Amino acid sequence: MAAPNIVNVTTIYGKTAYAQLTTTLSNVITNGSTSGNVMKVNDVLVANYTTSSIQANVVIGRGSSVYYLAGNMAVPANSTLVVVAKDSSIYMEEGDYLQANASSATAAQVTCSYEVIY
């Protein structure tokens, strides 16, 4: 697990990940422990497409520890919670993973826009 040097970047791929949220924290983005990549997360959006308010969690995992980007955040009915925006992007090192869940298994989806840098 390392933070690869991005001074001499040769390749940057723009990616978008989508996931249906359940009540269990599940991987949305993973950066393999030997990938040689850094991932720059530009946007994380949680969309509640139901008529009831829900709570959502979004975490970054490193090893066996998780760090909350959003913890039990209320997402009102028929609305979207911006967890990470381009002006507050974060980097994921090798071995890091981004996970999310919601209080209802059929109410929300997450969209993550990110760059794979190597």
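**Group meeting: strands, core and salt bridges**

Okay, let's start with Glu 115, which is buried because its relative accessible area is 18% and buried means under 20%, with exposed over 50% and partly exposed in between (1.4 Å probe, protein chains only). Before I go on, a word on the model: it's predicted, so local features need pLDDT of at least 70 and side-chain atom pairs count only at pLDDT 80 or more, while totals for chains, interfaces and linings use all residues. Residues are numbered from 1 along each chain as its sequence is written, and side-chain values use heavy atoms, with hydrogens and water left out.

Back to Glu 115. What does Glu 115 form a salt bridge with? The partner is Lys 86, and the closest N and O atoms are 3.7 Å apart. For the record, a salt bridge here is a side-chain nitrogen of Lys or Arg within 4 Å of a carboxyl oxygen of Asp or Glu. This pair links distant parts of the chain: Glu 115 sits in strand S9, Lys 86 in the loop between S6 and S7, and they're 29 residues apart. When I say strand, I mean a DSSP run of E with at least two residues, numbered from the N terminus. Lys 86, with a relative accessible area of 48%, is partly exposed.

How many salt bridges does the structure hold? Three. The other ones I want to show you both involve Arg 62. With Asp 96, Arg 62 has its closest N and O atoms 2.7 Å apart. That's again a link between distant parts of the chain, from Arg 62 in strand S4 to Asp 96 in strand S8, 34 residues apart. Is Asp 96 buried or exposed? It counts as buried, because its relative accessibility is 1%. Arg 62 also meets Glu 93, side chain to side chain, at 3.6 Å from N to O. Glu 93 is in the loop between strand S7 (90-92) and S8, 31 residues from Arg 62. Both ends of that one are partly exposed: Arg 62 has 34% relative accessibility, and Glu 93 has a relative accessible area of 27%. Put those together and Arg 62, Glu 93 and Asp 96 form one network, joined by salt bridges that share partners. As a reminder, side chains of opposite charge can pair when their charged atoms come close.

Now the strands. There's an open sheet of four strands in the order S2-S8-S4-S5, paired antiparallel; two strands pair if DSSP finds at least two bridges between them. Strand S2 (26-30) and strand S5 (65-75) are the edges, each pairing on one side only. From one strand to the next, the twist averages 20 degrees, with axes being lines fitted to C-alpha atoms and angles running from 0 to 180 degrees between N-to-C directions. S2 and strand S8 (residues 96-102) run antiparallel and are joined by four bridges, and Thr 30 stands opposite Tyr 97 in S8.

Then have a look at S9, where our Glu 115 lives. S9 pairs with S1 through nine bridges, antiparallel, and Thr 16 has Ser 113 in S9 as its bridge partner. S9 also pairs with S3, again antiparallel, over ten bridges; there, Val 46 has Val 110 in S9 as its bridge partner. S9 is mostly covered, with seven of its ten residues buried.

That brings us to the inside. The largest nonpolar core has 28 residues, and Val 28, Ile 29, Val 44, Val 46 and Leu 98 have the most contacts inside it. A nonpolar core, by the way, is a set of buried Ala, Val, Leu, Ile, Met, Phe, Trp, Tyr and Cys residues joined through side-chain atoms within 4.5 Å. Which element gives the largest share of this core? S9, with five residues. Over in strand S6 there's Val 83, which is buried at a relative accessible area of 18%. The C-alpha atoms of Val 83 and Val 58 are 7.8 Å apart, with their positions 25 residues apart along the chain.

Last stop, the outside. Ile 6, Val 9, Ile 12 and Tyr 91 form a nonpolar patch on the surface, with about 340 Å² of accessible area together. Ile 6 comes in the segment before strand S1 (12-20), and with a relative accessible area of 34% Ile 6 is partly exposed. Patches take residues with over 30% relative accessible area and no salt bridge, joining like charges within 9 Å and nonpolar side chains (Val, Leu, Ile, Met, Phe, Trp, Tyr) within 5 Å; the areas come from the Shrake-Rupley method with a 1.4 Å probe, and for residues only the protein chains shown count as cover.
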